[in-house]
Amino acid sequence: MPSSIDNIYFLPKQNIFNKLNNNQRLVKPLLNQSDCDTVQFRGKSMPSMYASTFEFLSAEIFGRDKRFQVDGSLLSAKNIAAAIKQVFNFNMVFGPFKKSMVDKIKWKSYIPQDIREYSINKINEARADRLNKWKNFLQEPGAAKGLFDEPVDEELAAKIENNNALKLIVWNAVNSEVKENNRHIPVPFNQKALKETVNYFNDLAPKDRQVACANISFLDYYTHRLRDNLLMDMNLSENNSVWVKIPSIKHDPFNKEANIKKLEILSCKNWCTRSSVDKAEAALEDGDFYIYLERNKAKLWEPLVGMTTAKGKIDQIQGVENNNIVPLKLVDEIEDFINK
C-alpha cells in the first residue's frame with residue numbers, strides 16, 4: 001500500500017481517480033527510509049486546494065509561461081509557495097517590459113518611416129511611465145507616496161506588501177496586452193479600482209475559483225472597476241446599457257485632462273483612443289465623443305460603439321473591431337440615439 005499520495009483526487013461518492021490534466025504525469029515510485037512506496041503526480045492541484053485564489057492563478061501562469069522555468073512538481077497547492085519564492089528570489093518577475101517594434105506593426109503604406117519611428121518612441125515612453133508606476137507600487141506599496149496625487153491606501157498596501165502571489169498576478173495582468181506587434185499602453189494605475197479587484201478575487205469561495213477565473217480575468221475586472229467607478233460618478237452605473245457623451249476640449253476646456261482620461265478608460269482596447277499615445281486628446285480636439293456601453297454576460301461594462309463628431313456632425317462610427325463596421329443588432333440602437 002502507498003504510504004502517501006500527492007495530487008490525486010477522488011470524485012465525490014465515487015471510488016475512482018479523477019482524470020489527470022495535461023500538466024500531470026506519474027513518476028516512478030520511490031522507496032523511503034521505511035521501505036514504503038510513494039506515489040506522486042506532478043502538476044497542478046484542484047483550484048479549491050490552493051491557499052488562495054492568487055496562488056491558484058500563479059500556478060496557472062507558471063504552467064503556461066515557460067519564461068519562469070518552474071518545474072511541474074512545484075505547481076501543486078503544496079509546493080506553489082516555493083515556486084513563487086523561487087521566481088522572486090531570482091528576480092524573474094519585474095523584468096524589462098516589451099517594447100513596441102516599428103517593423104512588427106502593421107502600418108498604412110503612406111506613413112513615412114520617420115513618423116513611424118517617432119510614434120513608436122512615444123508609445124514606448126508611455127509604456128515605461130505606466131509600468132514603472134505599477135512596478136514601484138508593487139515592489140514597495142507602503143513607500144509609494146510620491147506616485148499619486150492622493151494618499152496611499154494603507155489597506156491596499158498592506159494586502160500587497162508581503163503577498164508575492166498577488167504581486168505576480170497584478171504585474172502579469174497589466175503587462176498582458178503589451179506586445180511587440182501592437183501599440184497598446186498598459187491600463188492606468190488606480191488605487192480604488194485595484195483594491196476592489198483584489199477584494200473580488202480574494203473573496204472567491206475555493207469551489208468557485210475555476211469557473212470565476214475562467215470567465216473573468218484580473219485585467220478584465222480591473223478595467224470594469226475603472227469604468228464602473230466613472231459611470232457611478234455620472235449616475236449611470238445602475239443601467240445595463242448607456243450612452244456616454246465626452247465633451248470636446250473646445251466645449252469643456254476646464255475639464256480637458258479629466259475628459260481625456262475618461263475617454264481612454266471607457267474606450268474599447270482596440271480603439272486608438274484607448275491604446276495609443278495622444279489619440280484620446282486628438283479625438284476631442286474637433287468635437288464631442290460618444291460611447292455606447294453594455295453590461296456583458298458577466299455583468300462587466302463593455303464598450304461596443306464609438307462615435308466621433310466634427311463641426312456638430314457625426315464624423316465616424318466604430319465597432320469593437322475598429323474596422324468601421326458595427327454589429328447589425330446595434331444599428332437600431334445607434335439610429336435611435338442619433339435621431340433623439
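This is a short talk on the sheet, the nonpolar cores and the cavities of one predicted chain.

Let me begin with the overall make-up, keeping in mind that what we are looking at is a predicted model. The chain contains twelve helices and eight strands, and of its 340 residues, 45% are buried. If we take the contacts with a separation of 6 or more, 62% of them are accounted for by residues 24 or more positions apart.

I would like to turn next to the sheet formed by the strands β5 to β8. The four strands make an open sheet in the order β5-β6-β7-β8, and the pairing is antiparallel. At its edges are β5, residues 241-246, and β8, residues 313-318, each of which pairs on one side only. From one strand to the next, the twist averages 25 degrees. Looking more closely at one of the pairs, β7, which covers residues 301-310, is joined to β8 in the antiparallel sense over five bridges, and within this part of the sheet T308 stands opposite Q316 in β8. Against the sheet packs helix α9, residues 256-266, which touches β5, β6 (289-295) and β7, and the direction of α9 makes about 145 degrees with that of β5.

Now to the nonpolar cores. The largest has 71 residues, and the members that touch the most others in it are F62, W134, L194 and F218. Helix α5, residues 164-175, supplies the largest share of this core, namely eight residues. To take F218 as an example, and leaving aside residues up to four places away in sequence, the residues it touches are F54, I169, V170, A173, L194, T197, V198 and F201. There is also a second, separate core of nine residues, among them W243, L304, M307 and F337. Two of these residues can be placed in the sheet by their numbers, since W243 falls within 241-246, the range of β5, and L304 falls within 301-310, the range of β7.

Finally, the cavities. How many cavities of 30 Å³ or more does the model hold? The count comes to two, and I will describe the second largest, in which there is about 50 Å³ of space. Its lining is made by V187, P188, T223, L226, E264, I265 and R274, and the elements that give two or more residues to this lining are α8, residues 218-233, and α9. Helix α9 therefore comes up twice in this talk, as the helix packed on the sheet and as a contributor to the cavity lining.

Notes. Residues numbered from 1 in each chain as written. Predicted model: local features only at pLDDT ≥ 70, side-chain atom pairs only at ≥ 80, totals over all residues. Heavy atoms only, no water. Pairing = 2+ DSSP bridges. Axes fitted to C-alpha atoms, helices over the stretch in contact; angles between N-to-C directions. Contact = heavy atoms within 4.5 Å. Core = buried A, V, L, I, M, F, W, Y, C linked by side-chain atoms within 4.5 Å. Buried < 20%, exposed > 50% of the residue type's maximum accessible area, 1.4 Å probe, protein only. 1 Å grid on protein atoms, 1.4 Å probe; cavity = no way out; pocket = protein on both sides within 12 Å on 5 of 7 lines; lining within 4 Å. Points joined across faces, edges and corners; volume = space filled by probe spheres on them.
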